[in-house]
Amino acid sequence: MKKWHWIALGIVFLISLILEFTFLADYDSHWWNHIPAFYAIWGFVGCVAIIYISKWLGKFFILSDEDYYDR
């Protein structure tokens with residue numbers, strides 16, 4: 001990943017934190033609203049899970065043997 005990608009990712013993270021603390025500051029109907037940066041962490045964990053699950057599914061169902069059509 002290039003350096004400007006990390007900078008852009010950090011800026012997006014900071015913007016999401018600012019929006020969370022300004023717009024969701026009074027919204028505390030769930031227990032997870034008390035955890036700072038919960039939605040950013042939840043989104044990151046969800047993206048990592050999607051990547052690893054899709055890689056696992058790709059190896060399990062999509063990839064075939066090299067001599068699959070020769071049989």
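**Group meeting: a glutamate, an alanine and the chain around them**

Let me begin with glutamate 20, which sits in helix α1, the helix that covers residues 3-23. I should say at once that what we have on the screen is a predicted model, and I would ask you to keep that in mind throughout.

Glutamate 20 is buried, and yet it takes part in no salt bridge; if we look for the nearest side chain of opposite charge, we arrive at lysine 3, which is 27 Å away. What, then, lies 3.4 Å from a polar atom of the side chain of glutamate 20? The partner is the backbone nitrogen of alanine 37.

That brings me to alanine 37, whose place is in the loop between α1 and α2, the latter helix spanning residues 38-62. Its phi is near 60 degrees, a positive value in a residue that is not glycine. As background, most residues other than glycine have a negative phi. Alanine 37 is classed as buried because its relative accessible area is 9%, and the cut-off for that class is under 20%.

For contrast, let me turn to valine 45, which is placed in helix α2. Is valine 45 buried, partly exposed or exposed? With a relative accessible area of 46%, valine 45 counts as partly exposed, since that class runs between 20% and 50%. Valine 45 and leucine 24 are 21 residues apart along the chain, and their C-alpha atoms are separated by 21 Å.

Now to the chain as a whole, which has 2 helices and 0 strands. A compact globule of 71 residues would have a radius of gyration near 11 Å, whereas this protein chain has 20 Å, and along the principal axes its C-alpha atoms fill a box of roughly 65 × 35 × 15 Å. Buried residues make up 8% of the 71 residues, and the accessible surface comes to about 6900 Å², with 72% of that belonging to carbon and sulfur atoms.

Finally, on charge, the protein chain carries 5 positive and 7 negative side chains, and the centres of these two sets lie 12 Å apart.

Technical notes: Residues numbered from 1 in each chain as written. Predicted model: local features only at pLDDT ≥ 70, side-chain atom pairs only at ≥ 80, totals over all residues. Heavy atoms only, no water. Helix = DSSP H or I, 4+ residues; strand = E, 2+ residues; numbered from the N terminus. Rg over C-alpha atoms; globule rule 2.2 N^0.38 Å. Buried < 20%, exposed > 50% of the residue type's maximum accessible area, 1.4 Å probe, protein only. Areas by Shrake-Rupley, 256 points an atom, 1.4 Å probe, with all protein chains shown as cover. Lys, Arg positive; Asp, Glu negative; His and termini not counted. Charge placed at Lys NZ, Arg CZ, Asp CG, Glu CD. Salt bridge = Lys/Arg side-chain N within 4 Å of Asp/Glu carboxyl O. Polar contact = N/O pair within 3.5 Å; in protein donor to acceptor, adjacent residues only side chain to side chain.
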